[in-house]
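Here is a short briefing to read alongside the model. Please keep the viewer open as you go through the points.

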Amino acid sequence: MPSHVTKLLDTSAHEIFLGMLKSAVTFFERHVDLINDLNVFPVPDGDTGTNMFGTLKGIQATLELGRINNLQEAMNQASHAALMEGRGNSGIILSQIFRGLYEGFDFDQPIDTSNLASAITKAKDRAYAAVGNP
């Protein structure tokens with residue numbers, strides 16, 4: 001078995017989640033200006049990318065300070081940090097996405113496509129509910 005597959009199998013779910021968050025922060029940092037140009041959520045003020053990036057960096061910084069033992073703790077802490085670190089309208093909407101992911105994930109079930117789809121659906125619903133006329 002290739003070493004990167006073995007390493008992945010030895011990695012806990014919460015470590016994978018934290019790695020995914022780190023990747024998202026890196027992606028946003030590279031593309032802040034492009035996302036700002038999209039000018040989407042919900043007021044055309046040109047700072048969507050900046051606010052989402054700031055929110056993600058705040059989540060990452062908060063999670064790096066704490067001790068996390070499992071995926072449920074990681075997602076709960078990310079959800080809370082997202083709300084506390086939310087910047088601008090787009091950051092607050094992003095916080096609702098993190099909250100929906102946490103609420104929609106069944107931590108008593110295996111991590112599979114069905115469980116992930118449920119979490120993503122809940123995240124979408126919370127994001128849409130946060131905007132008066134999406």
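Is I92 buried, partly exposed or exposed? With a relative accessible area of 36%, I92 is partly exposed, because that value falls between the 20% and 50% cut-offs. Do keep in mind that this is a predicted model.

**Overall fold**
- The chain contains six helices and zero strands, so its pattern along the sequence reads α-α-α-α-α-α.
- Of the 134 residues in the chain, 33% are buried.
- Among contacts with a separation of 6 or more, 56% are between residues 24 or more positions apart.
- About 8,300 Å² of the chain is exposed, and carbon and sulfur atoms supply 56% of that area.

**Helix α3**
- Helix α3 covers residues 48-65, which is 18 residues.
- At 1.5 Å a residue, helix α3 should span 26 Å, and this agrees with its end C-alpha atoms, which are 26 Å apart.
- The buried residues of α3 include T48, G49, N51, M52, F53 and G54, and further along the helix T55, L56, G58, I59, Q60 and L63 are buried too.
- The partners that these buried residues pack against are α2 (13-38), α4 (71-85) and α5.

**Helix α5: I92 and Q96**
- I92 sits in helix α5, which runs over residues 88-104.
- Together with L83 and M84, I92 makes a nonpolar surface patch of about 290 Å².
- Q96 is also found in helix α5, and it counts as buried because its relative accessibility is 17%, under the 20% cut-off.
- An α-helix has 3.6 residues a turn, so residues three or four places apart point the same way.
- The side chains of Q96 and R126 are joined by a polar contact of 2.7 Å.
- Not counting residues up to four places away in sequence, Q96 touches L83, A123, R126, A127 and A130.
- L83 therefore turns up twice here: in the patch with I92 and among the contacts of Q96, as heavy atoms within 4.5 Å count as a contact.

**Helix α6: N115**
- N115 belongs to helix α6, residues 113-129.
- What makes N115 count as buried? Its relative accessibility is 5%, which is under 20%.
- The N115 side chain reaches the backbone oxygen of D106 at 2.8 Å.
- Leaving aside neighbours within four places in sequence, N115 is in contact with G104, F105, D106, Q109 and P110.

Terms used. Residues are numbered from 1 along each chain as its sequence is written. This is a predicted model: local features need pLDDT of at least 70, side-chain atom pairs count only at pLDDT 80 or more; totals for chains, interfaces and linings use all residues. Side-chain values use heavy atoms; hydrogens and water are left out. Patches are made of residues with over 30% relative accessible area and no salt bridge: like charges are joined within 9 Å, nonpolar side chains (Val, Leu, Ile, Met, Phe, Trp, Tyr) within 5 Å. Accessible areas come from the Shrake-Rupley method with a 1.4 Å probe; for residues, only the protein chains shown count as cover. A salt bridge is a side-chain nitrogen of Lys or Arg within 4 Å of a carboxyl oxygen of Asp or Glu. Helices (H or I, at least four residues) and strands (E, at least two) are DSSP runs, numbered from the N terminus. Buried means under 20% relative accessible area, exposed over 50%, partly exposed in between (1.4 Å probe, protein chains only). The expected span of a helix is 1.5 Å times one less than its number of residues. A polar contact is a pair of N or O atoms within 3.5 Å; within protein, one must be able to donate a hydrogen and the other to accept it, and residues adjacent in sequence count only if both atoms are side-chain atoms.
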